[in-house]
Amino acid sequence: MTEPLSPEELAAYHENGFLLVKNLISRQEALAMREECHALAARLNSDVDPTWASARAVAGASATRTSLKHAHDTQFHSAAFARLLVDPRFTDVAAALLGGPNVQLHHTKMFIKPPETGSPFPLHQDHPFFPHAEHTVAAAVFHFDDAPQEKGCIRAVPGSHRLGPLPHVEDGSWHLPPDTWRLQDTQPCPAEAGDVLFFSYLTVHGSGLNTSQEARTTWLVQFRDPADRPTVDEHTWSLGQGMVLRGIDPTARRTPTARRTPTARRTEGTNEPK
Ligand SMILES: O=C(O)CCC(=O)C(=O)O
């Protein structure tokens with residue numbers, strides 16, 4: 001059996017805290033998933049703008065003119081997402097990065113970042129949103145269309161995962177102080193349809209405005225080693241949390257799932273849902 005990643009790719013992930021895997025799915029498959037996302041956004045027909053209040057402050061008022069379309073738990077809306085979650089092309093890479101045979105889902109999130117003034121993300125780690133004891137949580141961002149720099153591609157700070165959990169500002173959604181952590185000092189991670197960007201939940205990342213004429217369509221899967229566990233009772237509204245995507249859950253633990261509804265969670269906190 002061929003290894004899903006070369007030793008150089010694995011070493012680069014551990015050194016930098018992120019890795020772009022080219023063509024993890026084909027361009028054709030990605031564009032079909034793009035259609036799934038846009039059809040789902042049309043079905044949901046939501047006007048809610050989930051742009052973080054902190055992002056509006058960082059990017060200025062222009063970011064508020066058009067809204068980002070997003071949806072959590074997309075595998076509960078279309079089987080196409082469920083199939084991709086357990087696709088070995090994805091889960092084998094995830095397992096290689098975790099360094100073990102087992103991969104467990106935390107949550108999924110679709111983003112359609114709109115054209116012209118589309119929503120930026122201030123720099124942050126994902127850690128404060130759902131801290132875990134062993135810090136194994138990582139993201140896979142599937143690109144369903146091209147994401148060059150002008151489309152507000154994800155940007156990351158190489159090696160920042162090695163700093164461990166950093167103090168964040170809570171206001172308007174967890175983010176790092178923008179005076180010290182500047183988007184322009186980060187490494188852009190442009191991608192093409194079919195590419196998947198993997199990064200640790202300790203890797204400092206964010207993204208700029210989408211100044212192009214086209215939406216940017218991505219699907220984010222947060223995953224972890226099932227032996228890891230959340231340290232706070234947070235994000236429990238995520239419907240799919242605990243689903244085993246590869247191997248087994250050796251702890252046989254009952255994973256917290258939707259003990260609170262999304263509505264309940266959103267009225268409790270000030271932060272946008274992650
Ligand atoms: O997709 C983006 O532009 C950034 C997403 C992000 O930073 C996140 O979900 O943590």
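Start with the ligand in this predicted model and select the residues around the ligand: Phe 111, Phe 121, Asp 126, Gly 152, Ile 154, His 205, Gly 206, Ser 207, Thr 218 and Leu 220. Colour them by element: β9 (205-207) and β10 (216-224) each give two or more residues to this shell. The largest share comes from β9, with 3 residues. Coloured by class instead, the shell divides into 4 nonpolar, 5 polar and 1 charged residues.

Next, go to the largest nonpolar core, a set of 58 residues. Select Ala 94, Ala 139, Ala 140, Val 196, Leu 197 and Phe 198, which have the most contacts inside this core. Then show helix α5 (residues 88-98), which gives the most to the core, with 6 residues. Nonpolar side chains tend to be buried together in soluble globular proteins.

Stay in the core and centre on Ala 140. Which residues is Ala 140 in contact with, leaving aside its neighbours within four places in sequence? Select Phe 90, Ala 94, Val 196, Phe 198, Val 221 and Phe 223 to see them.

Now move to helix α2 (residues 27-44) and pick Ala 30, which lies in it. Is Ala 30 buried or exposed? Ala 30 is buried, because 23 other C-beta atoms lie within 10 Å and the cut-off for a buried residue is 20 or more. Setting aside neighbours within four places in sequence, select its contacts: Ile 25, His 143, Phe 144, Ala 193 and Gly 194.

Finish with a distance label between the C-alpha atoms of Ala 30 and Asp 145. The label should read 6.9 Å, for two residues that are 115 residues apart along the chain.

Terms used: Residues are numbered from 1 along each chain as its sequence is written. This is a predicted model: local features need pLDDT of at least 70, side-chain atom pairs count only at pLDDT 80 or more; totals for chains, interfaces and linings use all residues. A nonpolar core is a set of buried Ala, Val, Leu, Ile, Met, Phe, Trp, Tyr and Cys residues joined through C-beta atoms within 7 Å. A residue is buried if 20 or more other C-beta atoms lie within 10 Å of its own, exposed if 12 or fewer, and partly exposed in between; C-beta atoms are placed from the backbone. Helices (H or I, at least four residues) and strands (E, at least two) are DSSP runs, numbered from the N terminus. Two residues are in contact if their C-beta atoms, placed from the backbone, lie within 7 Å. A residue is near a molecule or strand if its C-beta atom, placed from the backbone, lies within 6 Å of it. Ala, Val, Leu, Ile, Met, Phe, Trp, Tyr, Cys and Pro count as nonpolar, Asp, Glu, Lys and Arg as charged, and the others, Gly among them, as polar.
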